[in-house]
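Visitor: Please show me the model first. I then want to ask how its descriptive terms are justified.

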Amino acid sequence: MTSRTLLVDFPAVIKSKVLEELDVFSILKLRKVCWSLREFIDKSQPKPRGTVVDLNLNGNSIGIVLILQEDTRIYFQDNANGCTMSWGVSNSINFDNECYIDVFLKEFTIIMKHHWRPVLDSVSVDMWGKKDYSDLDKIFNKINHLQSEKVSFEECNPIKIGKIFSFFDAKCLNKIVIENCFMVNSNEDLLPITSTEHWKSARCVVYKGKKFRPRIQDFLHFSDVEMEFNSIPLQDIILLKENFLKSPTLTRFEIKNCNYIGERLPAIFGDPSTQRNNVWFFKIPNSEDVIYLTERLLHINFSRVKMTDVPIGAVIKY
């Protein structure tokens, strides 16, 4: 009878070579084979991998998306006897008498150990209008500190968003996405978000919502802005153009679904700069760049372009 040599029996140098050929998800599964392999993997010096790591947090579960050649999604949820870690169509592992947050943290530590940098690619917090944040609070209190390039919030209250920011490193945060903030009280505004260091230091923002009227002044320090709102005052459009003329940071500012504004742009800025309707160019003082303003299908887009990109014959306004 031929005996089989198991991976666990190979010399350490061979096992290390095997680990170098595996993606992060395969390493997570290999850790579940036996105690000896788990100990070897945890003590080994990892080879950094270019995997994209996204976290999805909500009131009662955590999802990890690992993106390399294709998406691998791992979910952690409570069950009647403890918690479940699941992936794919029908793959799962049950952990008796364990909290899904604790199981997640063990797996997350291994993932970040093999990640090519200590910063996550993105974290999303989705509450879908829930007002009970107790489970979400448990998640953040146990994770304690996150470094992420992007953070997204959906169906969250502004006060809660402001508090959640405290768990993130503001120095790493580059992009903020906020969709559909909801009110708990009628007198709420976006100040709990816009007063944070995270809001002030990020460079890109996407804001979509109907409950709160945003102050254009709170968005002028970003380099790239995308807003979706039903209506915005004409004076804000004028203020935006004036700030583009003097701001060294603004490069794009798009406002979507702004009803009736486009119809009144010629009254504000004069005739369009080209024969094509709803296109304007404005000279930026002491710069080789110009402001490019377009309006189409209720979308207004300010952007900064080079003078060489202006079409021949277009009128550049001052």
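Visitor: Where is Asn144 found?

Guide: Asn144 is found in the loop between α5 and β7 (150–154). Helices (H or I, at least four residues) and strands (E, at least two) are DSSP runs, numbered from the N terminus. This is a predicted model, in which local features need pLDDT of at least 70, side-chain atom pairs count only at pLDDT 80 or more, and totals for chains, interfaces and linings use all residues. Residues are numbered from 1 along each chain as its sequence is written, and side-chain values use heavy atoms, with hydrogens and water left out.

Visitor: Why is Asn144 called exposed?

Guide: Its relative accessibility is 51%. Exposed means over 50% relative accessible area, buried under 20%, and partly exposed in between (1.4 Å probe, protein chains only). Asn144 is above the upper cut-off, so it counts as exposed. Asn144 also has a positive phi of about 75 degrees, although it is not a glycine.

Visitor: What makes Asn180 partly exposed?

Guide: Asn180 has a relative accessible area of 34%, which lies between the two cut-offs, so it counts as partly exposed. Asn180 is in the loop between β8 (175–179) and α7 (191–194). Phi of Asn180 is near 55 degrees, again a positive value in a residue other than glycine.

Visitor: How do you know that helix α4 and helix α5 pack, and at what angle?

Guide: Two packed helices are described by the angle between their axes and the distance between the axes. For α4 (residues 100–114) and α5 (residues 134–143), the angle is about 35 degrees and the axes are 10 Å apart. Axes are lines fitted to C-alpha atoms, for helices over the stretch in contact, and angles run from 0 to 180 degrees between N-to-C directions. The contact (heavy atoms within 4.5 Å) is made by Tyr100, Ile101, Asp102, Phe104 and Leu105 of α4 and Asp135, Lys138, Ile139, Lys142 and Ile143 of α5. These residues divide into 6 nonpolar, no polar and 4 charged. Here Ala, Val, Leu, Ile, Met, Phe, Trp, Tyr, Cys and Pro count as nonpolar, Asp, Glu, Lys and Arg as charged, and the others, Gly among them, as polar.

Visitor: Which hand does the crossing of α4 and α5 have?

Guide: The crossing of α4 and α5 is right-handed. That term applies if the near helix is turned clockwise from the far one by less than a right angle, and left-handed if anticlockwise.

Visitor: What makes Asp102 and Lys142 a salt bridge?

Guide: Their closest N and O atoms are 2.9 Å apart. A salt bridge is a side-chain nitrogen of Lys or Arg within 4 Å of a carboxyl oxygen of Asp or Glu, so the pair qualifies. Asp102 lies in α4 and Lys142 in α5, so the bridge ties together parts that are 40 residues apart in sequence. Asp102 is partly exposed at 29%, as is Lys142 at 40%. The whole structure has 16 salt bridges.

Visitor: Why is Asp289 called buried?

Guide: Asp289 has a relative accessible area of 11%, under the lower cut-off, so it is buried. The side chains of Arg304 and Asp289 meet in a salt bridge (2.9 Å, N to O). Arg304 lies in strand β14 (residues 299–306) and Asp289 in strand β13 (residues 289–296), so this pair ties together parts 15 residues apart in sequence. Arg304 is partly exposed, with 24%.

Visitor: Why are α3 and α4 called oblique?

Guide: The axes of α3 (residues 35–43) and α4 come within 11 Å and cross at roughly 45 degrees. Angles under 35 degrees count as roughly parallel, over 145 as roughly antiparallel, 65 to 115 as roughly perpendicular and the rest as oblique. The α3 and α4 angle fits none of the first three classes, and the helices are therefore oblique. Ile41, Asp42 and Lys43 in α3 meet Ile110, Lys113 and His114 in α4. By class, this contact has 2 nonpolar, 1 polar and 3 charged residues.

Visitor: How do you know whether Ile139 is buried or exposed?

Guide: Ile139, in helix α5, has a relative accessible area of 0%, so it is buried. Not counting residues up to four places away in sequence, Ile139 touches Leu57, Asn58, Ser61, Ile62, Tyr100 and Ile101. Leu57, in strand β1 (residues 52–57), is buried too, with 0%.
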